[in-house]
Amino acid sequence: MHLAYPAVLAALLFCTGLYGVLARRNAILVLMSVELMLNAVNLNLVAFDVWLRDSLHAGQALTLFTIAIAAAEIGIGLAIVLMVYRNRGTADVDRLRDTVEGHEQGGLASDSADSANPATGAAA
């Protein structure tokens, strides 16, 4: 088996997933892109395991470990996205960047500037 075929396919899958992570705004699509990248890594692990003819099959064992981690990541990631969607009404990643802490800091700064006496600089 030629190693170039699965390596090129894995590189294409990984690049597609990377584009999805960087370009998408929906959190579900970002999670799907991360899964695509993990599948590209799994393909590389199995291809190199077969190519090296490893007697311990370490590549396949690492692939099973990666699949288990990916399943846990999707379960927790989907739970977080659903809770954020329930609380905020959107799964848009750009809109989720405004955190509660950012709003509080902006609100406190504007409130303290409004309540300060401009002549003395002290609060009223």
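Partly exposed means a relative accessible area between the buried limit, under 20%, and the exposed limit, over 50%. H57 has 41% relative accessibility, so H57 counts as partly exposed. This value, like the others here, comes from a predicted model.

**Overall fold**

The chain has four helices and zero strands. Along the sequence the pattern reads α-α-α-α. Of the 124 residues in the chain, 19% are buried. Among contacts between residues at least 6 apart in sequence, 52% join residues at least 24 apart.

**Helix pairs**

Two packed helices are described by the angle between their axes and the distance between the axes. Two such pairs are set out below.

| Pair | Axes come within | Crossing angle | Contact by class |
|---|---|---|---|
| α1 and α2 | 8 Å | roughly 165° | 15 nonpolar, five polar, no charged residues |
| α2 and α3 | 9 Å | roughly 175° | 14 nonpolar, six polar, three charged residues |

Take α1 and α2. Helix α1 covers residues 4-23, and its axis crosses that of α2 at roughly 165°. Angles over 145 degrees count as roughly antiparallel. The two helices are therefore roughly antiparallel to each other. The crossing of α1 past α2 is left-handed. On the α1 side the contact includes P6, L9, L13, F14, L18 and V21. On the α2 side, V30, V34, M37, L43 and A47 are among the residues that take part. By class, this contact has no charged residues, with 15 nonpolar and five polar ones.

Now α2 and α3. Their axes come within 9 Å and cross at roughly 175°. This pair, too, is therefore roughly antiparallel. Three charged residues belong to the contact of α2 with α3, along with 14 nonpolar and six polar ones.

**Helix α3**

What span should the 31 residues of α3 have at 1.5 Å a residue? The expected span is 45 Å, because the rule takes 1.5 Å times one less than the number of residues. The end C-alpha atoms of α3, residues 58-88, are 44 Å apart, which agrees.

Which residues of α3 are buried? They are G59, T63, T66, A70, G77 and V81. These buried residues pack against α2. An α-helix has 3.6 residues a turn, so residues three or four places apart point the same way. After α3 comes G89, with a positive phi near 85°.

**N42, a buried residue of α2**

N42 sits in helix α2, which runs over residues 27-52. Is N42 buried or exposed? Its relative accessible area is 8%, so N42 is buried. The cut-off for buried is under 20%. Neighbours within four places in sequence aside, N42 is in contact with T63, T66 and I67. T63 and T66 also appear among the buried residues of α3.

**The loop between α2 and α3**

R53 lies in the loop between α2 and α3. H57 has its place in that loop as well. Phi of R53 is positive, near 55°, in a residue other than glycine. H57 is not a glycine either, and its phi is positive at about 55°. How does accessibility class the two? R53 has 74% relative accessibility, so R53 counts as exposed. H57, at 41%, counts as partly exposed.

Technical notes: Residues are numbered from 1 along each chain as its sequence is written. This is a predicted model: local features need pLDDT of at least 70, side-chain atom pairs count only at pLDDT 80 or more; totals for chains, interfaces and linings use all residues. Side-chain values use heavy atoms; hydrogens and water are left out. Buried means under 20% relative accessible area, exposed over 50%, partly exposed in between (1.4 Å probe, protein chains only). Contact means heavy atoms within 4.5 Å. Axes are lines fitted to C-alpha atoms, for helices over the stretch in contact, and angles run from 0 to 180 degrees between N-to-C directions. Angles under 35 degrees count as roughly parallel, over 145 as roughly antiparallel, 65 to 115 as roughly perpendicular and the rest as oblique. A crossing is left-handed if the near helix is turned anticlockwise from the far one by less than a right angle, and right-handed if clockwise. Ala, Val, Leu, Ile, Met, Phe, Trp, Tyr, Cys and Pro count as nonpolar, Asp, Glu, Lys and Arg as charged, and the others, Gly among them, as polar.
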